[in-house]
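Trainee: I would like a close look at one part of this model, the cavity and the parts of the chain around it. Please take it slowly and then work outwards from there.

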Amino acid sequence: MSIKLMEKARIHCDRTAIVAPEGVFSYRQLLDASARVAAFLLEGSPDLRERPVAFLTPPGFRYVALQWGIWRAGGIAVPLSVSHPRPELEYVLADTEPAAVLADSDFVARLKPSAETLSFRFARAALALEHAPGALPDVAPARRAMILYTSGTTGRPKGVVLTHLNLTAQIESLVKAWEWYAGDHILEFLPLHHIHGIVNVISCALRAGAVCEILPAFDAHAVWERIGRGGLTLFMAVPTIYAKLIDAWRSSSPADRQRFSEGCRRMRLLVSGSAALPVSILEMWREISGHVLLERYGMTEIGMALSNPLHGMRVPGAVGTPLPGVEVRLVDDAGKPVAPGTPGEIEVRGETVFSEYWRRPEDNRQAFRDGWFQTGDVAVFESGSYRILGRNSVDIIKTGGEKVSALEIESILLTYPAIRECAVVGIPDPIWGEKVCAALVPEAGQEPDVMMLRAWLKERLAPYKAPKEIAILRELPRNAMGKLIKAELKKFFQLSWGRGDDKSC
Ligand code: AMP
C-alpha cells in the first residue's frame, strides 16, 4: 500500500509542486528526490519499520523531500525546529532515539555533538538527496508517520504520534471543507515543526496538486511584497502574523497599500487559527483585504476540529462547527455532555485524532475518556457555532500561535544560579495573543542581571518560550496555605507592565 500523498503526486507529475528558495520543483522531482532519500535511509534493508528519523533543514524543497523520503522508507518523521537551541534539539533526540538524523550543512555544528553522545547515524541532507533510488517498502496506513512535540501541563514537551491514517484523515477533511483544488497556490512561512504549516499548508497543497510557495521564514514586508505580486489563492496564518501584517501595511506608502490590498482581494480564502483571533484583528483585516478571515480551531493531537464555513456566515469570535470526519462534544467535569449554552471541555473523536504520546503510557491513559480525546480547552455551543472560552490550565500559554508550558520555563529558570523561586504566566497581548512573563525571587543578597539571564536563556530555550517581561520580586503572591496564586501574578503584570522593559520591584 502506498502513502496517499505520493499516490496523488503521481497524478500531477509535471505540475509545479513547490516554489522555494532552492528553485521551482515539479511533483515528479519531489517523488524522485524523496525516493532517493528513502533509499539512502534504507541502506539496502527492506523497511525502516517505524524507526524515527529526525531531520533539520530550513523550510524549502529539501524539507519536504526529506519528510516524504522518511515516510517512503517506512520511518517516522521527526521534524526538528530550526529556531531551537541545542538543548531543546537534544531533548527531542534523546526522547525519540532516532535511527538517523539528516541535517543541512548549516546545522551540522549544532547537531554533531549530540550525534556523538546519543550515537545515531548522522548525515548531511545533500548526501541523502543524491543517493541512487532503490526498492521501497509498502507502508500500511495504520503505521506511525510523524512525531511532533507539544507542551503540556506537566513536565517537558510530549511527542504526539500521528499515523498515516491520522494524517490522511486530517488532510482529506480540510481538502473537502475548504475545497482545495489543483489550481490553488498557497504561501508557506509558518514554522515547520508544527501541525499548522506541515498539514494545513504543505500537505493539503500537495494532496490537491496545488502549488506551495515556501518562504525561508516569516517577514512581514516579504510576505506583503509576495501578496502584492498576485497569483496566490490561499493564505493561512496565526493571529500574531495578521497583527504584524496589519502594522506593516499601515507603515507602507499609499501606493504599496493599494497593491497589497489588491493582492489579498484576488485570493479566495484566508484562514486564521492556532490561537484565538481577536475580533479587532478580524475587523482591521477585513478593511485591509476585503476578506472576513475564516477562523478554525485545532491542536497538534487532533489536527483541525472546528471551522467556520467556507461558504456562508463566519461568526467573529467563534470557531464554527466540526470539520468532516470529526466528532466533537462538550462535557462537564464528570465527563457528561452539557446542554447547548453551557460551557464544557471540548472532547474530540475520529480518525484525525493522534494515536498516542510517544513512550508515555500514563499520559495516554489520562488523555482519553471512553475513546474521546480530552483537549483541556473549554468552549460553549451557542447560535449554531462553538466559541472557545479558554483553557482549563493557567500553565499553558499560547504565544504567537505556539503552545508553551509555564512549568517547563520555570524548571529551566530555576537552574539559573541566583534564582530561589520563580513563576511564569501569560498575559493578554495585542500582537502575541499572550505574552510570556516571568517573576523571579532571587536568593538572599543576590540581584540577577536580567541581560545576562536573557542571554543564558537564549542558549536553552526556543525564542518563543523566552519570557518577554521579567520582574524581580521580593516574594511571589501566595494564599494562606502558601499556594502560589498565578491569577494575582497575571494581574500584577497586566497592571504594572506596559509593553516596556524589564522592571524590578
Ligand atoms: P497546538 O497544539 O500548538 O496547535 O495548540 C493547540 C491549542 O491552541 C488548542 O488546544 C487551543 O488552546 C489553541 N487554539 C487553537 N486554535 C484556536 C482558536 N481558533 N481559538 C482559540 N484557541 C485556539
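Mentor: What follows starts at the cavity, goes on to the helix beside it and the loop after that helix, and then turns to the pocket, the domains and a further helix.

The model is predicted. A search of the whole structure finds one cavity of 30 Å³ or more, and the volume of the largest cavity is about 100 Å³. Its lining is made up of Ile3, Lys4, Leu5, Trp71, His164, Leu167, Thr168, Ile171, Glu172 and Arg207. By class, five of these lining residues are nonpolar, two are polar and three are charged. Two helices, α1 (4-11) and α7 (164-177), each supply at least two residues of this lining. Of the elements involved, α7 gives the most, with five residues.

Take α1 next. Its buried residues are Leu5, Met6 and Ala9. They cover an arc of only 95 degrees around the helix axis, which puts them on the same side of α1. The general background is that an α-helix has 3.6 residues a turn, so residues three or four places apart point the same way. The cover over the buried residues of α1 includes α2 (27-42), α3 (61-72), α7 and α8. Leu5 is thus listed among the buried residues of α1 and also among the residues that line the cavity. Likewise α7 is found both in the cover of α1 and as the main contributor to the cavity lining, with five residues.

After the helix comes a loop. Arg15 sits in the loop between α1 and β1 (16-20). Its relative accessibility is 37%, and Arg15 therefore counts as partly exposed. Leaving out residues up to four places away in sequence, Arg15 touches Phe25, Ser26, Tyr27, Ala182, Gly183 and Gly209. Arg15 and Val211 are 196 residues apart in sequence, while their C-alpha atoms are 8.3 Å apart in space.

Two other loops hold residues with an uncommon backbone angle. As general background, most residues other than glycine have a negative phi. Glu50, in the loop between α2 and β3 (52-56), has a positive phi near 60 degrees and is not a glycine. Its relative accessible area is 21%, so Glu50 is partly exposed; the cut-off for buried is under 20%. Ser119 lies in the loop between α5 (108-118) and β6 (121-124), and its phi is positive too, at about 45 degrees, although Ser119 is not a glycine. With 62% relative accessibility, Ser119 counts as exposed.

Now the open space. The second largest pocket holds about 690 Å³. It is lined by 35 residues, and the closest to its centre are Phe189, Leu190, Pro191, Glu402 and Tyr464. The lining has 19 nonpolar, 12 polar and four charged residues. Helices α8 (195-208) and α10 (239-250) each supply at least two residues of it, and the largest share, three residues, comes from α10. Helix α8 therefore has a part in two places, since it lines this pocket and is also in the cover of the buried residues of α1.

The domain assignment of the chain gives domain 1 (24-139) and domain 2 (396-504). In the contact between them, domain 1 takes part with five residues and domain 2 with nine residues. The centres of the two domains, taken over C-alpha atoms, are separated by 36 Å. Both domains give residues to the lining of the second largest pocket, so the pocket lies between them.

Helix α10 leads on to α12. In α12 (residues 279-289), the buried residues are Ile281, Leu282, Trp285, Ile288 and Ser289. They cover an arc of only 130 degrees around the axis, which puts them on the same side of α12. The cover over these buried residues includes α9 (220-229), α10, α11 (254-265) and β12 (269-272). So α10 is part of the cover of α12 as well as the source of three residues in the pocket lining, the largest share. Just after α12, Gly290 takes a positive phi of about 80 degrees.

Note on methods:
Residues numbered from 1 in each chain as written. Predicted model: local features only at pLDDT ≥ 70, side-chain atom pairs only at ≥ 80, totals over all residues. Heavy atoms only, no water. 1 Å grid on protein atoms, 1.4 Å probe; cavity = no way out; pocket = protein on both sides within 12 Å on 5 of 7 lines; lining within 4 Å. Points joined across faces, edges and corners; volume = space filled by probe spheres on them. Helix = DSSP H or I, 4+ residues; strand = E, 2+ residues; numbered from the N terminus. Nonpolar A, V, L, I, M, F, W, Y, C, P; charged D, E, K, R; others polar. Domains from an automatic or database assignment. Buried < 20%, exposed > 50% of the residue type's maximum accessible area, 1.4 Å probe, protein only. Arc of directions from axis to C-beta. Contact = heavy atoms within 4.5 Å.
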